[in-house]
Amino acid sequence: MERRKFIAGGLVGAAALTAASCGKREEEKKQAPAVQTDAGKKIEWRMATTWPKNFPGLGTGANQLAKYISEMSGGRLEVSVFGGGEIVPALETFDAVAQGTAQMGHGAAYYWKGKSPATQFFAAVPFGLSAQEMNAWIYYGGGQKLWDELYAEHNLKPFLAGNTGVQMGGWFNREVNSLDDMKGLIMRMPGLGGDVLSAVGATPKLLPGGEIFTALESGAIDATEWVGPYNDLAFGFYKIAKFYYYPGWHEPGTALESFVNKSAYDDLPADLQQVVAAACQAANMDMLSEFTARNGEALATLTGEHNVQLKRFPDDVLRAFKSTAEEVVGDVAAGDAASRKVYDAFAAFREKVSGWTNLSETSYALARDL
Ligand code: CA
């Protein structure tokens, strides 16, 4: 019922956007007669994803996005979802969509740092933007334009399509009381956060989700991060590690993305382009809302039923992570022109928005718990 209303709202929103740009489009039609609305024509797209099919939160978020597009377009644009490995291996999704093997992809931008290190700024940066701030940067702070430019080089058009919110710091079998306790620790952590671990004397390991439990159980790794209570409860990490650390300094609001083959997107009639954009925005909000709700429930289960001990990283450890992160991220920015440009914009936005966040969200959250 609620979802029906929401989708109806999305349709009205898409219609309003279409109406608002109608005058402009009349002019565009004269210049570009190839782009026309053909209400009878059915278009079928394939969405390749980096997730196992139906993976909670992330894979189901991709399913939801496809459903929104199919329903909001009244069936004119049907999107079929494929899990990682079904069309192409998960980490080849970017290339598959760029080349048109699939028309859409769903993943996280830091998987593509081999294509361009600057992509990492559109997923998660240690001590970077929260989910709300990331949305603000992309939608209202100039982030989308930079992202469009970066992905256009690969024949892709990117959209925000989900967010996990702030993640947890990870599962440990021993307490972290000082930075010395991190030295020599083998911990599963991908991306820039892993580079930070390495710089403070730990050994980061990149393991796919399905291998983490066994690695932790066998002692091949000493600690692991994954996502947050909802996903971590499902993986059963509490059976092996009792200390659950916060905050997730390394992934403060990981953005998930959808990217569309740019030629396929440009070929869509303008109203279907708006449907895709509005569906991504709806999916973005939907995933963050689901994670927020389910994390709260799962956290209560972890502490109430499984006796998990919540621990906050000590301030001096967090300070060390932060100063190291600035160096690690600074090195990425110094590596190439695109990274420099995106990082400078990202850092300037973080500087401006963080003061407001401290005064509003952070201050309120602390006041609520007085
Ligand atoms: Ca993670």
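**A tour from the sheet to the calcium site**

Select β1 (residues 43-49) together with β2: the two strands pair in the parallel sense over six bridges. This is a predicted model. Within the pair, look for A48, whose bridge partner in β2 is F82. To follow the chain from β1 to β2, add helix α3 (residues 59-72); the path runs through this helix, and the β-α-β crossover is right-handed.

Keep β2 selected and show its side chains. They alternate along the strand: L77, V79 and V81 point to one face and are buried. E78, S80 and F82 point to the other face and are not buried.

Next, widen the selection to the whole sheet. This open sheet has five strands in the order β2-β1-β3-β10-β4, and the pairing is mixed. At the edges stand β2 (77-82) and β4 (156-163); each has a single partner strand, so one side of each is left without a neighbour in the sheet. From one strand to the next, the twist averages 25°.

Now move to β3 (residues 104-107) and β10 (residues 255-261). These strands pair in the antiparallel sense, over four bridges. Here G105 has F259 in β10 as its bridge partner.

Two helices come next. Select α5 (residues 131-140), which lies across β4 and β10 and runs at about 155° to β4. Then add α6 (residues 143-152): this helix packs on the sheet, where it touches β4 and β10. The direction of α6 makes about 130° with that of β4.

Go on to the calcium ion and show the side chains and backbone around it. Which residues supply its protein donors? They are Q167 (OE1), E225 through two OE atoms, W226 (O) and E251 (OE), at 2.2 to 2.8 Å from the ion. Along the chain, the donors follow the spacing Q-x57-E-W-x24-E. Q167 sits in the loop between β4 and β5 (170-172), and E251 in the loop between β9 (243-246) and β10, so this pair ties together parts 84 residues apart in sequence. Are Q167 and E251 buried or exposed? Both Q167 and E251 are buried.

Finish at helix α11 (residues 270-305). The helix has 36 residues and reaches 52 Å from its first C-alpha to its last, close to the 52 Å expected at 1.5 Å a residue. Just after α11, select N307, which takes a positive phi of about 55°.

Conventions: Residues numbered from 1 in each chain as written. Predicted model: local features only at pLDDT ≥ 70, side-chain atom pairs only at ≥ 80, totals over all residues. Heavy atoms only, no water. Pairing = 2+ DSSP bridges. Axes fitted to C-alpha atoms, helices over the stretch in contact; angles between N-to-C directions. Contact = heavy atoms within 4.5 Å. Buried < 20%, exposed > 50% of the residue type's maximum accessible area, 1.4 Å probe, protein only. Right-handed = clockwise from strand over helix to strand, strands pointing away. Expected span 1.5 Å × (residues − 1). Donors = N, O, S within 2.8 Å, 3.2 Å for Na, K, Ca; no water.
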